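Subject: The structure we talked about

Hi there,

Here is the structure I promised to pass on. Please open it alongside this email, so that you can follow the residues as you read.

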Amino acid sequence: MFKGSVYKLCGLLVLLLGSAALITLGILSGKFFMLLLGFALLVWGIAGLFRFHFQSIRKMTFMFNSIENGDYAFKFTEYEGPVSDNLLNLSLNRIKNILVKARTQAVEQEKYYELIMNSIHTGVIVINDAGNVYQINQAALQLFGLPRLNHVNRLAVIDGSLRDLFFNLKAGEKKQTSFSNERGVVHLAINVSAMKVRDMSLRIVAVNDINNELDEKETESWIRLIRVLTHEIMNSITPITSLSDTLLKMEGSMNEKVREGIEAIGSTGKGLIGFVESYRRVTRIPAPRLRSFYVLPFLERIVTLIRHDTADRALDIRIGVEPEELLLYADEDMIGQVVLNLLKNAVHALQGRTDGAIRIAATGSESGEITLSVTDNGCGIPPEVAANIFMPFFTTKANGSGIGLSVSRQIMRLHNGSISLKCSRPGETTFKLLFS
């Protein structure tokens, strides 16, 4: 197997012995030419031995330098040299392939963990001691409303105190903070843990939106209450209406006043059943059927419906979509119900005005968020009313059911979005839908 290398080594040894013999004869005979030739052969032999010895080391050095620089494109020849060189080259190529495989698996695993991080609703930020963001998921970016975050200094764009808080976070701490952005006031719960990766200290910061958690608990409580109440009311009302219908169908004479009373009981009971059925809608919202659709023609269809219902009124309704080809991935019918409800509320707020105006705006951000807002120039919503507008059954309309905005909020939550009252003052009221 090592025959080629053995022959080469033997040849070098013979060359060295011959050069030594020539040098010796040159010294003894005093012949300068023989002495010079002996020294030349000696240098040649030593150089050949050096090359023979360090050829493998040079190959390995080349391989490790290439790997260190991220270059895995090299390949040593395996079948064109002596057997021993081929065996060495084959081994070095095997080492390279093992390292390439390990590197590929590490990249795939990193992508896997990144996919998991982006699938959870909790914001996760990994920070080193210098404030550099080592890793961050989409949920955290959406909470802060930023397209990217490479360093905690970037948080100063939102709030300087927020940057200082993240700089000074320590492992094991639990904190709460709040800041204001285009969504309004955001309340955060922060939990911190620590780890070490390749001798680098890292802090893992978990961030949750307290408002969303509280809203979800409140909504769940309302749904449970509505289910219990509607069940009990229906169980009590249905037999009464059924009995009144039976009595009215009975033959024979009946006192007129008694008949009128029974009819009143029956009609009131049926009206109450219809009333309860309308509230059951709050607890029966189906899962959205998501698909992509263009926002501009969608809004134009909704506005056409509103214009038809308000043909006798002078309303200036305008739509602005940026970009015009903006796409929304949602349940078109459900979102249509939300937007239609907001427009109806805006129309109601403009009653009695001759200069009524409604503005509908939709925009997309670099981070993929889509914002849709409805603004009217009505009288505004008083603060004491604004605090309760999303509460089920709360209404200021004479014939209102009080479930429109409550249902709208549930629909937006099913889309992982939100609905909020962005601005409310005389001459300007804005509701905003945010799709993450």
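Below is a short tour of what turned up in it.

Please keep in mind that this is a predicted model. The protein chain has 436 residues, of which 34% count as buried. It holds 11 helices and 12 strands. Looking at contacts with a separation of 6 or more, 57% are between residues 24 or more positions apart.

The sheet is a good place to start. Five strands make an open, mixed sheet, in the order β7-β9-β10-β12-β11. Its edges are β7 (316-322) and β11 (417-425), each of which pairs on one side only. On average, neighbouring strands here are turned by 10° against each other, direction ignored. Helix α8 (residues 295-309) packs on this sheet and touches β7, β9 (357-364) and β10 (370-376). The direction of α8 makes about 170° with that of β7. At the other edge, β11 pairs with β12 (residues 428-435) in the antiparallel sense, over 8 bridges. One residue to look at there is R425, whose bridge partner in β12 is E428.

Next, the interior. The largest nonpolar core has 40 residues, and L299, V339, I358 and L433 are those with the most contacts inside it. At least two residues each come from α8, β7, β8 (327-330), α9 (332-349), β9, β10, α11 and β12. The largest share, 9 residues, is supplied by α9. If you click on L299 and leave aside its neighbours within four places in sequence, you will find it in contact with I319, V321, V339, I360, A362 and L372. Another core lies apart from the largest one; it has 23 residues, including I125, L149, I158 and L188.

Helix α11 (residues 404-414) deserves a look as well. It is mostly covered, with 8 of its 11 residues buried. The buried ones are L405, S406, V407, S408, R409, Q410, I411 and M412, so the list includes an arginine and a glutamine.Following α11 comes N416, in the loop between α11 and β11. N416 is not a glycine, yet its phi is positive, at about 55°.

There is also a backbone feature in the loop between β7 and β8, where P323 sits. The peptide bond joining E322 and P323 is cis, with omega of about 0°.

What about the cysteines? A search of the whole structure finds 0 disulfides. How do C379 and C423 sit, buried or exposed? C379 is exposed, because its relative accessible area is 56% and the cut-off for exposed is over 50%. C423 is buried, because its relative accessible area of 13% is under 20%.

Finally, a polar residue in strand β5 (residues 200-209): N208. Is N208 buried or exposed? N208 counts as buried, because its relative accessibility of 18% is under the 20% cut-off. Its side chain is joined to that of T122 by a polar contact of 3.0 Å.

Have a browse and let me know what you think.

Best wishes

How values were computed
Residues are numbered from 1 along each chain as its sequence is written. This is a predicted model: local features need pLDDT of at least 70, side-chain atom pairs count only at pLDDT 80 or more; totals for chains, interfaces and linings use all residues. Side-chain values use heavy atoms; hydrogens and water are left out. Helices (H or I, at least four residues) and strands (E, at least two) are DSSP runs, numbered from the N terminus. Buried means under 20% relative accessible area, exposed over 50%, partly exposed in between (1.4 Å probe, protein chains only). A polar contact is a pair of N or O atoms within 3.5 Å; within protein, one must be able to donate a hydrogen and the other to accept it, and residues adjacent in sequence count only if both atoms are side-chain atoms. A disulfide is a pair of cysteine sulfur atoms within 2.5 Å. Two strands pair if DSSP finds at least two bridges between them. Axes are lines fitted to C-alpha atoms, for helices over the stretch in contact, and angles run from 0 to 180 degrees between N-to-C directions. Contact means heavy atoms within 4.5 Å. A nonpolar core is a set of buried Ala, Val, Leu, Ile, Met, Phe, Trp, Tyr and Cys residues joined through side-chain atoms within 4.5 Å.
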